[in-house]
Amino acid sequence: MPVVREQGQREVFCGLTGIIWLHRKIQDAFFLIVGSRTCAHLMQSAAGVMIFAEPRFATAILEERDLAGLADANDELDREVARLLERRPDIKLLFLVGSCPSEVIKLDLSRAAERLSRVHAGRTRVLSYSGSGLDTTFTQGEDAALAALVPDMPTLPLQEGAAEGGADSATDLLVVGALADVVEDQLGRLFAALGVTRVHFLPPRKAGDLPPVGPGTVMLLAQPFLGDTARLLEARGARRLSAPFPLGEEGTTLWLKAAADAFGVPADRFDSVTEAPRARACAALARFRGELDGRRLFLFPDSQLEPVLARVLSRELGMVPVEVATPYLHRGLMGPELALLPPETRLVEGQDVDAQLDRCRAERPDLTVCGLGLANPLEAEGLTTKWAIELVFTPIQGYEQAGDLAELFARPLRRAGLLKV
Amino acid sequence: MRLSVWTYEGPPHVGAIRVATAMEGVHYVLHAPQGDTYADLLFTMIERRPARPAVSYTTFQARDLGRDTADLFKSSAIAAYERFRPEALLVGSSCTAELLQDDPGGLAKTLGLPIPVVPLDLPSYQRKETWGASETFYHLTRAMAGPMAPAAGADRPARPEGQAPSCNILGPVALGFRHRDDVYEVRRLLESLGVQINVVAPMGARPADLARLGEADFNVVLYPEVADTAARWLEKTFRQPRTHAVPIGVGATRDFVREVAELAGLDPEPTLASLTPRLPWYSRSVDSTYLTGKRVFVFGDATHALAAARVATEEMGFEVVGLGTYVREFARDIRAAAKAYGVEPVISDDYLEVESAIADLRPDLVLGTQMERHVAKRLGVPCAVISAPVHVQDFPARHAPQMGVEGANVLFDTWVHPLMMGLEEHLLGMFREDFEFHGDAGPSHLASASAARPSASGASPASDSPSTESVADSSSTESASIPTAADSGVGVVDAPVWSADAERELHKIPFFVRGKARRNTERYATERGVPTITVETLYDAKAHFSR
């Protein structure tokens with residue numbers, strides 16, 4: 001499939017925004033951004049209404065004197081971390097999150113994390129990753145955070161009788177990517193019914209419950225933006241299963257099937273376990289097909305979920321994707337998805353936002369998926385939009401959420417039809 | 001390095017965007033890394049603007065750092081000029097680009113663009129949003145109006161006979177708290193006086209309008225935080241006097257009318273006579289008697305905090321128990337006012353410090369920003385918003401000024417609303433055991449507030465003490481919250497012990513004054529070295545402090 005590469009102004013979030021959902025997923029972790037006032041401002045603007053709840057993230061704001069000398073900055077960081085941990089004794093895992101300013105002044109946060117891990121040993125583990133806009137786009141912040149966890153994961157002991165390194169030695173399934181708790185529980189029940197009993201999720205809900213990994217591990221990525229994490233897990237012996245992502249009825253079935261095949265689940269058992277939820281998902285999707293069928297879809301780059309969404313919306317709901325843009329395209333991970341996209345889809349990697357807006361205006365799609373910086377201006381131009389960020393804050397994976405996913409796209413169109421003013 | 005949970009202000013380049021976006025025909029090319037475009041959604045979502053802000057970002061990434069980021073800036077500036085055809089271009093850096101030292105001002109000059117290019121030097125690691133807005137407006141004003149300036153030492157020519165006096169309105173920007181409706185109110189007020197409006201800026205002005213600023217007879221400075229620097233330069237350059245009264249509240253609006261009339265050489269009396277805000281009568285009507293002496297904590301930008309303190313004391317009959325601002329540039333004004341009210345000024349942009357000040361003072365009402373709403377919710381204190389930073393609900397669809405006659409009416413309604421109504425307050429003082437209307441249930445006219453009040457405070461007899469409240473709070477809302485300075489020891493080490501009887505008696509006092517009663521009793525006991533507080537101590541303290 002040909003891919004258009006674009007460069008220019010990018011209208012996207014940086015990886016720091018991943019903290020907004022990760023700090024709720026890992027309940028005893030705290031995210032300390034080392035950055036500027038801009039980073040702090042971004043977090044509270046993006047956190048929106050959550051501003052009323054006490055968050056488990058904060059920013060150590062660099063000041064003039066921190067820029068003067070590096071040794072000083074490290075002392076300052078140690079002091080702020082000590083103060084923070086004194087105030088929050090419940091924190092078991094502290095992420096030092098790098099930002100553009102901390103990267104540019106080359107503040108070595110990985111060394112700082114090692115040093116602070118020693119200082120607070122036995123109480124709080126300190127890790128680091130970069131969520132800067134220089135290195136990461138939006139959901140890539142989650143990839144960087146999970147990648148930082150991989151070296152800390154315990155080694156999976158080899159099972160007795162299993163041939164070392166062989167394909168049959170798979171004992172554990174590792175599902176990678178932060179999922180809504182309800183989705184995680186549903187998937188866990190499906191795997192149990194299939195007879196796959198040793199299932200772990202990364203990230204875990206508690207920092208102390210890191211799953212084991214080793215040559216007996218097979219992993220399924222639940223999210224498409226986890227290239228680095230997958231690479232590091234593979235380096236520790238895990239084998240990645242190639243599959244589309246678990247969105248929609250079709251994607252969820254193919255995703256589960258990949259695991260079922262790896263664990264030798266008989267086909268009739270797979271069918272009997274998935275039959276009822278598949279029928280439910282199909283029925284839920286069918287309710288929205290009438291509203292979405294034949295509607296033209298334009299996706300601006302945001303989360304790397306775009307090709308996956310385009311696949312569900314085109315194959316299961318009859319929408320016509322005219323342009324599908326993604327901030328970054330990992331061909332290895334996305335291969336099974338691209339194979340299912342309509343061949344005439346225009347696939348774009350990267351962004352030049354003004355040029356892309358021109359294309360969007362020329363196409364006049366029925367529904368445009370874009371960020372909040374573009375959504376209202378496009379609505380004012382008479383285009384119906386679906387703001388993209390909601391898709392990472394809403395449970396959309398798995399069978400039971402297939403209808404909810406469709407509704408997210410049907411709702412703006414229905415609303416546009418309802419309003420008579 | 002400074003730990004910050006929430007910030008009152010963004011970085012200075014956000015202030016510059018607020019000026020650029022408020023104006024017409026101005027574009028801002030901002031050298032910034034990928035991701036800094038988040039600032040766009042402040043305007044498209046919070047203020048619900050129907051167009052993209054007038055900013056082009058270079059959005060460089062790590063791979064660009066190996067190449068020439070200066071070239072990237074130049075090509076972005078050219079592309080922005082060609083696409084948007086602005087009448088003036090602002091150029092500058094965000095915090096990360098400031099570290100790269102590409103010098104956008106110098107680079108833009110070499111491009112030979114046929115429009116004025118105004119370079120902005122906004123030190124991101126020292127200054128903040130409001131200052132950025134003020135500096136941007138000042139530099140734009142200088143660049144556009146400067147060439148029209150009269151020769152040094154020249155006198156301002158007298159206004160021709162028969163020509164109405166005119167003024168500029170300075171200060172309203174994008175993302176300003178109620179700026180849209182304030183301008184409407186003030187414009188009406190000035191026109192009723194017979195003053196013509198020359199230019200309103202930055203909001204709605206074009207660069208060519210800024211060039212005409214010198215034609216007005218005087219300047220009306222609505223928001224000193226944004227317009228003070230520009231107004232001082234205009235005063236020096238064009239000898240235009242300026243207003244100092246900010247017309248928020250009935251008294252301040254009257255002062256404003258007198259000041260404008262004097263600058264314009266007009267008679268203020270007909271206008272003063274025609275001003276008929278409802279606030280004075282509402283405030284005098286007996287229904288408002290119970291508002292007398294309610295203790296309020298006031299925090300915000302300096303202009304709104306000062307105005308609110310005056311309205312609270314002179315027009316609502318409240319008692320100001322705390323006054324502060326996060327805008328350090330105006331700290332002096334707040335200190336002077338705090339002294340006049342006999343309270344400690346809170347000059348801080350540290351939200352935890354403000355929180356501990358509020359927890360310590362236990363006011364009946366907090367008048368503050370979005371952040372103080374957060375604090376007040378935690379502490380279960382009624383709160384109204386008087387100043388930025390604010391969220392989407394404070395950019396309302398309806399007309400909702402803070403200034404002028406209608407502004408005063410809005411203030412009355414907004415501030416009284418969160419307080420428990422008079423009859424309910426009396427009944428709570430008499431009957432405490434009601435299963436629905438009890439002191440910890442919250443005002444019954446605010447259904448959601450009563451539901452949200454943590455039930456733990458009803459269950460635990462010591463729940464209104466600062467030392468235990470946040471524990472109860474955190475267990476009922478969030479499993480782990482950042483403890484505030486209030487629970488890190490204030491009142492725990494030195495506080496005398498409450499006997500069970502006294503604790504029960506304390507709980508017969510309605511919740512909105514209970515905190516004050518607890519504080520006063522503990523102070524009374526500590527000062528006299530009483531180790532255990534009994535019912536007697538409680539009433540001794542009451543008698544002592546009510547003298």
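## A chat about chains A and B

Modeller: Let's start with helix α15 of chain A: its buried residues pack against α14, β13 (367-370) and β14 (385-387) of chain A, together with α2 (40-46) of chain B. Keep in mind that this is a predicted model.

Colleague: Thanks! Which residues of α15(A) are buried?

Modeller: They are L372(A), G373(A), L374(A), A375(A), P377(A) and L378(A).

Colleague: And what comes just after α15(A)?

Modeller: There you'll find G382(A), which takes a positive phi of about 95°.

Colleague: Let's zoom out to the two chains. How many residues does the contact take from each chain?

Modeller: Chain A gives 68 residues and chain B gives 63 residues. Between them the chains bury about 5,800 Å², with 58% of that on carbon and sulfur atoms.

Colleague: What about salt bridges, how many are there between chain A and chain B?

Modeller: The count is three. One pairs the side chains of R52(B) and D354(A), at 3.0 Å from N to O. There are also 22 residue pairs in polar contact between the chains, counting pairs with both residues at pLDDT 80 or more.

Colleague: Which elements of chain A give two or more residues to the side that touches chain B?

Modeller: Among them are the strands β2 (29-35) and β3 (57-61). The helices include α2 (37-47), α4 (70-87), α14 (353-363) and our starting point, α15 (372-380).

Colleague: Changing topic: which residues touch the most other members in the largest nonpolar core?

Modeller: Those are F95(A), F191(A) and W415(B), in a core of 242 residues. Leaving aside neighbours within four places in sequence, F95(A) is in contact with residues including I26(A), F30(A), L127(A), Y129(A) and L149(A). Another core, of 25 residues, lies apart from the largest one, and L62(A), A73(A), I105(A) and A112(A) are among its members.

Colleague: How is chain B divided into domains?

Modeller: Domain 1 covers 12-147, domain 2 covers 163-276, domain 3 covers 279-419 and domain 4 covers 497-546. The centres of domain 1 and domain 4 of chain B, taken over C-alpha atoms, are separated by 58 Å.

Colleague: One last thing: is S134(B) buried or exposed?

Modeller: S134(B) counts as buried because its relative accessible area is 6%, and buried means under 20%. S134(B) sits in helix α7 (residues 129-145) of chain B.

Colleague: What does S134(B) touch?

Modeller: Not counting residues up to four places away in sequence, S134(B) touches E225(B), V226(B) and T229(B).

Technical notes:
Residues are numbered from 1 along each chain as its sequence is written. Chains are lettered from A and ligands numbered from 1 in the order in which they are written. This is a predicted model: local features need pLDDT of at least 70, side-chain atom pairs count only at pLDDT 80 or more; totals for chains, interfaces and linings use all residues. Side-chain values use heavy atoms; hydrogens and water are left out. Domain bounds come from an automatic or database domain assignment. A nonpolar core is a set of buried Ala, Val, Leu, Ile, Met, Phe, Trp, Tyr and Cys residues joined through side-chain atoms within 4.5 Å. Buried means under 20% relative accessible area, exposed over 50%, partly exposed in between (1.4 Å probe, protein chains only). Contact means heavy atoms within 4.5 Å. Buried area is the accessible area (1.4 Å probe) that two parts lose on being put together, summed over both. A salt bridge is a side-chain nitrogen of Lys or Arg within 4 Å of a carboxyl oxygen of Asp or Glu. A polar contact is a pair of N or O atoms within 3.5 Å; within protein, one must be able to donate a hydrogen and the other to accept it, and residues adjacent in sequence count only if both atoms are side-chain atoms. Helices (H or I, at least four residues) and strands (E, at least two) are DSSP runs, numbered from the N terminus.
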